[in-house]
Structure formats: structure tokens, C-alpha cells
Amino acid sequence: MFDEVEHRDPKGKKRWVALVDGNRTQIDSLHKLADERKLDLIIIVDFIHVAQYVWKASLALFRDNQTKQDRWVRAHLLETLRGKASLVAAGIRRSATLRAMAAAERQPVDHCAD
């Protein structure tokens with residue numbers, strides 16, 4: 001992929017952007033390849049995938065309360081868009097811990113935070 005982009009932009013005038021689905025291995029590989037080639041690569045995580053994980057976490061945290069689910073999801077997605085994904089993930093995980101959720105019950109929450 002990097003070879004093809006370099007072929008299309010031999011003078012390095014274009015901005016390099018990669019769209020990923022949030023797969024950590026994929027993101028790490030892109031960083032490594034960009035570093036090896038001394039490229040300023042912008043990585044964009046597909047927000048739809050993020051939203052799906054947050055919704056699933058809300059279902060585990062607020063089983064029968066759609067109003068709370070909606071508010072919670074909106075607040076957490078907004079903070080994620082503000083660049084606070086690490087803080088959001090920590091807070092999501094902490095919510096499950098404070099509720100003393102069993103491992104199986106909190107799996108969607110931990111998956112979201114991961």
C-alpha cells in the first residue's frame with residue numbers, strides 16, 4: 001500500500017491518510033511503516049465502529065433504561081470526538097468495576113474500553 005502511494009505521489013506533496021477500523025495491530029503496523037519511511041501519516045479510526053462498541057457497553061450498564069443509554073452514549077461519544085478516548089475508555093471500565101459486574105456481564109464494557 002505504501003509503495004503504491006509513493007508511486008502515485010513521488011514528490012511527497014500529498015497528505016497521507018489511512019482509514020482503519022480500530023484494530024490495534026493494524027494501527028501499530030501503520031505507525032511502524034510510516035516511521036520507517038519518515039512519513040507524517042494521519043490515521044483516522046472509523047467512528048461507526050467506535051459507536052457500536054459504546055452502544056453495546058451501554059446496554060450492559062443500563063439494561064432496561066433506554067433514556068440513560070442514550071444520554072450515556074451521547075456523552076461518551078462526544079468526549080471521544082473531543083480527543084479524550086483514553087479517558088473515556090478508563091471511565092467506561094471504571095463504571096463496570098464500581099457496579100461490581102461479573103466478568104461475563106461486563107464483557108461488552110471491557111471490549112469497548114479495549
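These notebook entries record what I looked up in one predicted model.

**Entry 1. Helix H2**

I began with H2, which runs over residues 24-36. I compared its length with the ideal value: its 13 residues should span 18 Å at 1.5 Å a residue, and the end C-alpha atoms are 18 Å apart, so the two agree. I then listed its buried residues and found Ile27, Leu30 and Ala34. These cover an arc of only 60 degrees around the axis, which puts them on the same side of H2. The spacing recalls a general rule: an α-helix has 3.6 residues a turn, so residues three or four places apart point the same way. On the other side of H2, I noted Arg24, Thr25, Lys32 and Asp35 as exposed. I also looked up what the buried residues of H2 pack against, and recorded helix H1 (2-8), strand E1 (16-20) and E2.

**Entry 2. Leucine 30**

I took leucine 30, in helix H2, as an example of the buried side. Its relative accessible area is 7%, and it is therefore buried, the cut-off being under 20%. Not counting residues up to four places away in sequence, I found leucine 30 touching Met1, Phe2, Ala18, Val20, Leu41 and Ile43. I also recorded the distance from leucine 30 to asparagine 65: they are 35 residues apart in sequence and 40 Å apart in space, C-alpha to C-alpha.

**Entry 3. Helix H4**

I turned next to H4, residues 66-81. It has 16 residues and reaches 22 Å from its first C-alpha to its last, close to the 22 Å expected at 1.5 Å a residue. At its start, I noted that a side-chain oxygen of asparagine 65 comes to within 3.3 Å of the backbone nitrogen of threonine 67.

Which residues of H4 are buried? I listed Gln69, Trp72, Val73, His76, Leu77 and Thr80. Seen down the axis of H4, they fall within an arc of 125 degrees, so they line one face of the helix. Arg71, Arg74 and Leu81 are exposed on the other side of H4. The buried residues of H4 pack against helix H3 (47-61) and H5. After H4 comes glycine 83, for which I recorded a positive phi, near 90 degrees.

**Entry 4. Threonine 80**

I examined threonine 80 of helix H4 separately. Its relative accessibility is 18%, so threonine 80 counts as buried under the 20% limit. Leaving aside its neighbours within four places in sequence, I found threonine 80 in contact with Phe47, Val50, Ala85 and Val88.

**Entry 5. Helix H5**

I repeated the length check on H5, which has 14 residues and reaches 20 Å from its first C-alpha to its last, close to the 20 Å expected at 1.5 Å a residue. Its buried residues are Val88, Ala89, Gly91, Ile92, Ser95 and Ala96. They cover an arc of only 165 degrees around the axis, which puts them on the same side of H5. On the other side of H5, I recorded Ser86, Leu87 and Leu98 as exposed. The cover over the buried residues of H5 includes H3, H4 and H6.

**Entry 6. Positive phi outside glycine**

I then looked up backbone angles. Most residues other than glycine have a negative phi. Where does lysine 38 lie? I placed lysine 38 in the loop between helix H2 and strand E2 (41-45). Lysine 38 has a positive phi of about 55 degrees although it is not a glycine. Its relative accessibility is 75%, so lysine 38 counts as exposed.

Alanine 100 lies in the loop between helix H5 (85-98) and helix H6 (107-113). Just after H5, alanine 100 takes a positive phi of about 55 degrees, although it is not a glycine. At 64% relative accessibility, alanine 100 counts as exposed.

**Entry 7. The largest pocket**

I finally looked up the largest pocket, which holds about 840 Å³ of space. How many residues line the largest pocket? I recorded 25 residues, of which Gly22, Val45, Val50, Ala85 and Asp114 lie nearest its centre. Val50 and Ala85 had already appeared in Entry 4, among the contacts of threonine 80. At least two residues of the lining come from each of H2, E2, H3, H4, H5 and H6.

Technical notes
Residues numbered from 1 in each chain as written. Predicted model: local features only at pLDDT ≥ 70, side-chain atom pairs only at ≥ 80, totals over all residues. Heavy atoms only, no water. Helix = DSSP H or I, 4+ residues; strand = E, 2+ residues; numbered from the N terminus. Buried < 20%, exposed > 50% of the residue type's maximum accessible area, 1.4 Å probe, protein only. Expected span 1.5 Å × (residues − 1). Arc of directions from axis to C-beta. Contact = heavy atoms within 4.5 Å. Polar contact = N/O pair within 3.5 Å; in protein donor to acceptor, adjacent residues only side chain to side chain. 1 Å grid on protein atoms, 1.4 Å probe; cavity = no way out; pocket = protein on both sides within 12 Å on 5 of 7 lines; lining within 4 Å. Points joined across faces, edges and corners; volume = space filled by probe spheres on them.
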